[in-house]
Amino acid sequence: MTSLPETTQRKLGLVIDLDTCVGCHACVIACKSWNTENYGAPLSDQDPYGAAPSGTFLNRVHSYEITPPHGQAQLVHFPKSCLHCEDAPCVTVCPTGASYKRSEDGIVLVNEADCIGCGLCAWACPYGAREMDQTAGVMKKCTLCVDRIYNENLPPEDREPACVRTCPAGARHFGDLGDPDSDVSQLVAARGGFDLMPDLGTKPVNKYLPPRPKDQWDETDILAPFLEPVADSPQGFLGWLDRALERL
Amino acid sequence: MHPAPSVIIFTTLSGLGFGLLVFLGLGFPPVTGWVAFVFFLIAYALSVGGLLASTFHLGHPERALKAFRQWRTSWLSREAIAAVAALLVMGLYALFAVFFGTRIAALGWIGAALSLATVITTAMIYTQIKAVPRWHQALTPLHLTTASLAGGALLAGQITLAQIFLFLGGIIQIAHWLRGDGRFAQAGQSIASATGLSEAGRIRAFEAPHTGTNYLLREMVHVVGRKHAQRLRIIALGLGFVLPLTLILIPGASHGLGGLAVLSHILGMLASRWLFFAQAEHVVGLYYGARG
């Protein structure tokens, strides 16, 4: 059923810390590795070892250069996967009911047996969270590792999404964002977590934490003034060359 | 957006076919017998041919029947239902008109309404997508509907109606382009809102997630074909609306000129549909440092 649930009992989602993400892409690999051999069709690659490789990924890490008004430019690594929106436009456009949002935990899933591969949900998603698998001909998306988080065959510490489990920097957090007392909700409140493209009214469940302000150069060290360059004008041979060239 | 040939052909041909069915249902012209047979053959060839072409872009066309289920929320599902209902009702209407020489007017009106509904639901599939600001505007359904009615009236040989809809269609086509050009900026999404990093400073996409391309880039960040956009607009407007209008304004226009007008209109509409997709910018392009 492609009508969205009025409310969901829980709002499971991710909180991604842009301050601590080091851009190692381990979450991309862990995601592909888990999801290519578990829930649904495998995540195929086309021409993986050839000249024009391409493949299906449910999680991709972009990198952005941020130049603040004062100070040095910095790099922000930006992992992006399905945000499991409360008002998910990808769900309502589906003609077959293959796309749905679960009322119990808010996870947005695709029933691949019903997907006709029309691609309309991928168009409707502003975030590029859905990718059509070129081999299977069905729409793939982040399942929030629904086959891990409730999986009693796994040890308790592994019952979280593969991307969260693998992140060496601790930049990814998983939990119930509908519960204001949960760890992830408190983290969002403490760090000023934000939504992506909030104006589009999708109400994403996943939140992003902004990079913390960096140290300023002029506060770095009391010895800094002594490290100023001592020679403003060249001396010796270079000085002579400089003066000779000036005279020409 | 990627201008997939199957979707361009589908929207162009089925738009024409259902446009023709609207007029046949309303009794413009009030045909029966063999003449009706030829008219309905053309209408069904275009509309059904277009619908078949649209299934070529599906990953699993064999599951297409499942698409009739979600009419409560999905415009694509509503389109499928409206199209089949229109074809069935008009089929019954055609059966009586061709073989029994009687036109059941009420059936024709219902069929015409369903045919018009099909064109509107097709248009709404594009209009509903907020992530493509050029499509997400009130002129989109108006543009696709008038274009369909202009082609339908031309095919039905309704000179006066064709003049009206070609004129209106041409004006709305221009308006859709001009308004569409500013829609992305109006929608207000930028790399800053996409990443939420506006407060940190000036943002530049430094590195894409992968060295290769991917489905999102191929499907939604398509830029090929924008190079000749202005020339294609002139071709679309000239062949799609201006030339056919001029041809049918010639007093005592013959069938030959009418046929030429139809052909010109179809070529123009193909160019228009190419631009409809190729110039549509999806906000996901912002994540890749593209404007769309």
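Start in chain B with helices α1 and α11 selected: they cross in the right-handed sense. Keep in mind throughout that this is a predicted model.

**Stop 1: the helix pair in chain B**

For α1(B), select residues 5-26, and for α11(B), residues 255-278. Two packed helices are described by the angle between their axes and the distance between the axes. Here the axes come within 9 Å and cross at roughly 135 degrees. That angle makes α1(B) oblique to α11(B), because the oblique class takes in what is neither roughly parallel, roughly perpendicular nor, at over 145 degrees, roughly antiparallel.

Now show side chains. From α1(B), pick B:Ile8, B:Thr11, B:Thr12 and B:Leu16. Facing them from α11(B) you'll find B:Ile266, B:Met269, B:Leu270, B:Arg273, B:Trp274 and B:Phe277. Colour this contact by class and you get seven nonpolar residues, two polar and one charged.

**Stop 2: the two domains of chain B**

Stay in chain B and give residues 1-128 one colour and 160-292 another; these are domain 1 and domain 2. Drop a marker on each C-alpha centre, and the two markers sit 24 Å apart. Where the domains touch, domain 1 of chain B puts in eight residues and domain 2 of chain B puts in 15 residues. Which classes turn up on the domain 1 side? Five of its residues there are nonpolar and three are polar, with no charged ones.

**Stop 3: where chain A meets chain B**

Bring chain A back into view and select the contact between the chains: 53 residues from chain A and 48 residues from chain B. On the chain A side, β4, β5, α2 (89-92), α3 (120-124) and β8 (131-132) each supply at least two residues. Which element gives the most? That's β4(A), with eight residues. Colour the chain A side by class and it divides into 33 nonpolar, 14 polar and six charged residues.

**Stop 4: a sheet built from both chains**

Next, switch to cartoon and find the open sheet of three strands, ordered β5(A)-β4(A)-β1(B), with antiparallel pairing. Why do β5(A) and β1(B) each have one side without a neighbour in the sheet? Select 74-81 of chain A and 202-207 of chain B: these strands stand at the edges, each with a single partner strand, so one side of each stays free of a sheet neighbour. Neighbouring strands in this sheet are turned by 35 degrees against each other on average, direction ignored.

Helix α1 of chain A, residues 26-35, packs on this sheet and touches β4 and β5 of chain A. The direction of α1(A) makes about 165 degrees with that of β4(A).

**Stop 5: walking along β4(A)**

Select residues 59-67 of chain A, which form β4(A), and look first towards β5(A): the two strands pair in the antiparallel sense over eight bridges. A:Asn59 has A:Ser81 as its bridge partner in β5(A), and A:Ile66 stands opposite A:Gln74. The hairpin these strands make has six residues between them. Click on A:Gly71 there and check its backbone: phi is positive, near 100 degrees.

Then look from β4(A) across the chain boundary to β1(B). This pairing is antiparallel too, over five bridges. Label A:Glu65, whose bridge partner in β1(B) is B:Arg204. To finish, label A:Thr67, which stands opposite B:Arg202.

Technical notes: Residues numbered from 1 in each chain as written. Chains lettered and ligands numbered in written order. Predicted model: local features only at pLDDT ≥ 70, side-chain atom pairs only at ≥ 80, totals over all residues. Pairing = 2+ DSSP bridges. Helix = DSSP H or I, 4+ residues; strand = E, 2+ residues; numbered from the N terminus. Axes fitted to C-alpha atoms, helices over the stretch in contact; angles between N-to-C directions. Contact = placed C-beta atoms within 7 Å. Domains from an automatic or database assignment. Nonpolar A, V, L, I, M, F, W, Y, C, P; charged D, E, K, R; others polar. Parallel < 35°, antiparallel > 145°, perpendicular 65-115°, else oblique. Left-handed = near helix turned anticlockwise from the far one by under 90°.
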